[in-house]
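Biologist: I've got a fold open on my screen and a few things I'd like to talk through. Mind going over it with me?

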Amino acid sequence: MPGLEDLYREIILDHYRTPRNRGELPVPPARHAEGHNPLCGDEITVFLDVQQVDGVDVVSDVKVSGQGCSISQSSASMMSQAVKGKPVAEVRALVRKFKGLMSIEVDDAGAADVDVPLGDLEALQGVVKFPVRIKCATLAWNTLTQALDS
Ligand code: ZN
């Protein structure tokens, strides 16, 4: 019977082989940011369309391009799936929660406890055992934050 580790490996490979929301968005109106992880050679560009819906900023569309290892690319795919259609405030909460999963200190206490479902992202929690891979897993999320702030 396959264990949890095997299941997680399958989820990561599925996102790596069939990345979700792959591509680019026209800039402007989209915001974009590029991220690099020189330790591993990973490159990720995140494109975001943010629109106001009923007075709330919402990530109406997201696309990801780039190349790199399976952890960086699958994390980017999962990130795109998790944030598409979500309010920006919820997206920022998800970034903090994911960094908490990666054992990265978040600047505001308690933020990692927000009730945001991680879904497939939980498959990446095994990465925390390999500190050098944490930078691979968080690259898409740091790039996402840069795009939100741009
Ligand atoms: Zn990597």
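Biologist: Where is Asn 21 placed, and is Asn 21 buried, exposed or partly exposed?

Modeller: Bear in mind that this is a predicted model. Asn 21 sits in the loop between H1 and E1, and it has a positive phi of about 55° although it is not a glycine. A residue counts as buried from 20 other C-beta atoms within 10 Å. Asn 21 has 19 of them, so it comes out as partly exposed.

Biologist: And Asp 54, is that one buried or exposed?

Modeller: Asp 54 is in the loop between E2 and E3, and its phi is near 55°, again positive in a residue other than glycine. The cut-off for exposed is 12 or fewer other C-beta atoms within 10 Å. Asp 54 has 6, so the verdict is exposed.

Biologist: Back to the loop between H1 and E1: what is the omega of the peptide bond from Pro 28 to Pro 29?

Modeller: Most peptide bonds are trans. Here the bond from Val 27 to Pro 28 is cis, with omega near -20°, and Pro 28 lies in that loop. The bond from Pro 28 to Pro 29 is cis too, with omega near 15°.

Biologist: How are H1 and H2 oriented to each other?

Modeller: H1 (residues 4-17) and H2 (residues 70-83) have axes 8 Å apart, at an angle of about 80°. Among the residues making the contact are Ile 12 and Tyr 16 of H1, and Gln 73 and Met 78 of H2. By class the contact holds four nonpolar, five polar and no charged residues. Angles of 65 to 115 degrees get one label, so H1 and H2 are roughly perpendicular.

Biologist: What about H2 and H4: which hand does the crossing have?

Modeller: Their axes come within 8 Å and cross at roughly 35°. Residues in this contact include Ile 71 and Met 79 in H2, with Trp 141 and Leu 144 in H4. The contact divides into ten nonpolar, two polar and one charged. As for the hand of the H2 and H4 crossing, it is right-handed.

Biologist: Now the sheet. Which residue in E2 stands opposite Gly 35?

Modeller: The sheet is open, with three strands in the order E1-E2-E3 and antiparallel pairing. E1 and E3 are the edge strands, each pairing on one side only. Seven bridges join E1 to E2. Opposite Gly 35 in E2 you'll find Ile 44.

Biologist: At what angle does H4 run to E1?

Modeller: H2 lies across E1, E2 and E3, at about 160° to E3. H4 also lies across E1, E2 and E3, and its angle to E1 is about 150°.

Key
Residues are numbered from 1 along each chain as its sequence is written. This is a predicted model: local features need pLDDT of at least 70, side-chain atom pairs count only at pLDDT 80 or more; totals for chains, interfaces and linings use all residues. Axes are lines fitted to C-alpha atoms, for helices over the stretch in contact, and angles run from 0 to 180 degrees between N-to-C directions. Helices (H or I, at least four residues) and strands (E, at least two) are DSSP runs, numbered from the N terminus. Angles under 35 degrees count as roughly parallel, over 145 as roughly antiparallel, 65 to 115 as roughly perpendicular and the rest as oblique. Two residues are in contact if their C-beta atoms, placed from the backbone, lie within 7 Å. Ala, Val, Leu, Ile, Met, Phe, Trp, Tyr, Cys and Pro count as nonpolar, Asp, Glu, Lys and Arg as charged, and the others, Gly among them, as polar. A crossing is left-handed if the near helix is turned anticlockwise from the far one by less than a right angle, and right-handed if clockwise. Two strands pair if DSSP finds at least two bridges between them.
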